[in-house]
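Please look over the sequence and the model below before reading on. The paragraphs that follow move from single side chains to the chain as a whole.

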Amino acid sequence: MADYAVNPVFGEAEKPIDYKYYFFLFKKNFYIVLTFFIITVTLATIYVAKIPDRFTAASQIMIEQPRGEWQTKGHPGWGLEGESYNREYYKTQLEMIRHPSVMRTVVDELNLKDYFEIESEDRVANMIRGMIWAEQIGETRLFRIRATTTDPKLSANLANAVGRAYIAQHFETSLYYRKEVLAWL
């Protein structure tokens with residue numbers, strides 16, 4: 001009775017662990033275990049070696065919300081734009097960063113049709129759109145643009161070019177609306 005302990009939950013006797021038996025099994029099957037280990041490590045090494053390297057580059061831009069006359073301090077409507085307006089505006093800008101027109105500008109700027117050897121500008125634009133990820137940094141006006149490719153130089157160029165193209169398009173759009181308002185007046 002000294003070799004067995006009684007389990008208080010189930011009331012059964014527990015056998016002590018016999019380490020000598022497990023060591024004997026390991027020693028007896030050592031070559032099988034070693035062979036399995038070598039095959040596993042070799043296959044894992046081959047698999048990892050075949051995975052292409054992925055490089056991610058990032059750029060940051062700051063997006064200012066446009067202020068109209070009613071948003072200036074001292075105006076009766078000042079401060080009434082609300083937090084939801086800010087969130088919606090920045091969500092819209094986040095989508096505009098990955099807009100197809102911005103991607104086409106990047107394709108033209110970096111001459112990516114020749115790089116990928118694809119004739120269709122829209123196909124290349126859709127392809128690089130899948131390589132681009134944009135996110136707002138916390139609750140700030142800063143946005144991070146990430147580009148992930150198998151070429152480190154292309155990743156850096158894409159991240160920077162998308163930021164430049166977005167800024168240029170945003171500037172052109174605001175000028176267009178100002179011209180339209182002036183023409184209407």
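Is Arg104 buried, partly exposed or exposed? In this predicted model, Arg104 has a relative accessible area of 29%. Buried means under 20% and exposed means over 50%, with partly exposed in between, so Arg104 counts as partly exposed.

Side chains of opposite charge can pair when their charged atoms come close. Arg104 has such a partner: it forms a salt bridge with Asp122, and the closest N and O atoms are 3.5 Å apart. This pair links distant parts of the chain, since Arg104 belongs to helix α4 (residues 100-110) and Asp122 to helix α6 (residues 121-129), 18 residues apart. Asp122 is also partly exposed, with a relative accessible area of 44%.

Helix α4 takes part in another pairing. The side chains of Glu109 and Arg164 meet in a salt bridge, with 2.5 Å from N to O. Glu109 lies in helix α4 and Arg164 in helix α7 (residues 152-184), so this salt bridge ties together parts that are 55 residues apart in sequence. Both ends are accessible in part: Arg164 is partly exposed, with a relative accessible area of 45%, and Glu109 is partly exposed, at 39%.

The strands can be considered next. Arg146 and Glu135 meet through their side chains in a salt bridge of 2.9 Å, N to O. Here Arg146 lies in strand β5 (residues 142-149) and Glu135 in strand β4 (residues 132-136), so the pair ties together parts that are 11 residues apart in sequence. Arg146 counts as partly exposed at 32% relative accessibility, and Glu135 is partly exposed with a relative accessible area of 22%. Glu135, Arg144 and Arg146 are joined into one network by salt bridges that share partners.

How many salt bridges does the structure hold? There are 5, including the pairs described above.

The view may now be widened to the whole chain. Its secondary structure comes to 7 helices and 5 strands, and along the sequence these follow the pattern β-β-α-α-β-α-α-α-α-β-β-α. The protein chain has 185 residues, of which 21% are buried. Among contacts between residues at least 6 apart in sequence, 57% join residues at least 24 apart. Finally, the accessible surface of the chain comes to about 14,300 Å², and 60% of this surface belongs to carbon and sulfur atoms.

Terms used
Residues are numbered from 1 along each chain as its sequence is written. This is a predicted model: local features need pLDDT of at least 70, side-chain atom pairs count only at pLDDT 80 or more; totals for chains, interfaces and linings use all residues. Side-chain values use heavy atoms; hydrogens and water are left out. A salt bridge is a side-chain nitrogen of Lys or Arg within 4 Å of a carboxyl oxygen of Asp or Glu. Helices (H or I, at least four residues) and strands (E, at least two) are DSSP runs, numbered from the N terminus. Buried means under 20% relative accessible area, exposed over 50%, partly exposed in between (1.4 Å probe, protein chains only). Contact means heavy atoms within 4.5 Å. Accessible areas come from the Shrake-Rupley method with a 1.4 Å probe; for residues, only the protein chains shown count as cover.
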